[in-house]
Amino acid sequence: QLQLRESGGGLVRAGSSLRLSCTASGSIISIDAMGWYYQAPGKQRDFVASISKGGNTNYGDSAKGRFSIILDDNKRTVYLQMNSLKPEDTGVYYCNAEALTPHTMQMLDYWGQGTQVTVSS
């Protein structure tokens, strides 16, 4: 099975920066893409950013120009550098991976437990 472990969340003031990390571990054949989603209190989970193993990136509208996603394929770790944070960025940030494991032999989505980011005004 594949496990995703996130870290780097916390409480910061508006305008600050944070870097989230997510490392995949377990029995993995390949990872096609990794990404981040966030869920604000009382709202649905929204897309933040993703990166393919080839390095292609995609960003949600709220992340464009402020956030950067980086993949260290050797470490199976994805980073989300968040700059110019706003109070509306507050929420739980979840790591996602599209991966093939020997357990299922299918390309499936996996999710981490989430890390809390709180931005005060």
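Within the largest nonpolar core of this protein, which holds 30 residues, Leu-4, Met-34, Trp-36, Val-48, Leu-80, Met-82 and Tyr-93 are the ones that touch the most other members. Two or more residues of this core come from each of strand 1 (2-7), strand 3 (18-26), strand 4 (30-39), strand 5 (45-52), strand 7 (67-72), strand 8 (77-82), strand 9 (91-100) and strand 11 (115-120). The model described here is a predicted one, and its secondary structure comprises eleven strands and zero helices.

**Fold and contacts**
- Read from the N terminus on, the elements follow the order β-β-β-β-β-β-β-β-β-β-β.
- Among the contacts in the protein with a separation of 6 or more, 55% are accounted for by residues that lie 24 or more positions apart in the chain.

**Overall dimensions**
- The radius of gyration of the protein is 14 Å, which agrees with the value near 14 Å that a compact globule would have with 121 residues.
- Taken along the principal axes, the box that the C-alpha atoms fill is roughly 45 × 25 × 20 Å.

**Burial and surface**
- Buried residues make up 41% of the 121 residues of the protein.
- The protein exposes an area of about 6500 Å², and 44% of this area is supplied by carbon and sulfur atoms.

**Charges**
- The protein carries 11 positive and 10 negative charges, and the mean positions of these two groups are 6 Å apart.

How values were computed. Residues numbered from 1 in each chain as written. Predicted model: local features only at pLDDT ≥ 70, side-chain atom pairs only at ≥ 80, totals over all residues. Heavy atoms only, no water. Helix = DSSP H or I, 4+ residues; strand = E, 2+ residues; numbered from the N terminus. Rg over C-alpha atoms; globule rule 2.2 N^0.38 Å. Buried < 20%, exposed > 50% of the residue type's maximum accessible area, 1.4 Å probe, protein only. Contact = heavy atoms within 4.5 Å. Areas by Shrake-Rupley, 256 points an atom, 1.4 Å probe, with all protein chains shown as cover. Lys, Arg positive; Asp, Glu negative; His and termini not counted. Charge placed at Lys NZ, Arg CZ, Asp CG, Glu CD. Core = buried A, V, L, I, M, F, W, Y, C linked by side-chain atoms within 4.5 Å.
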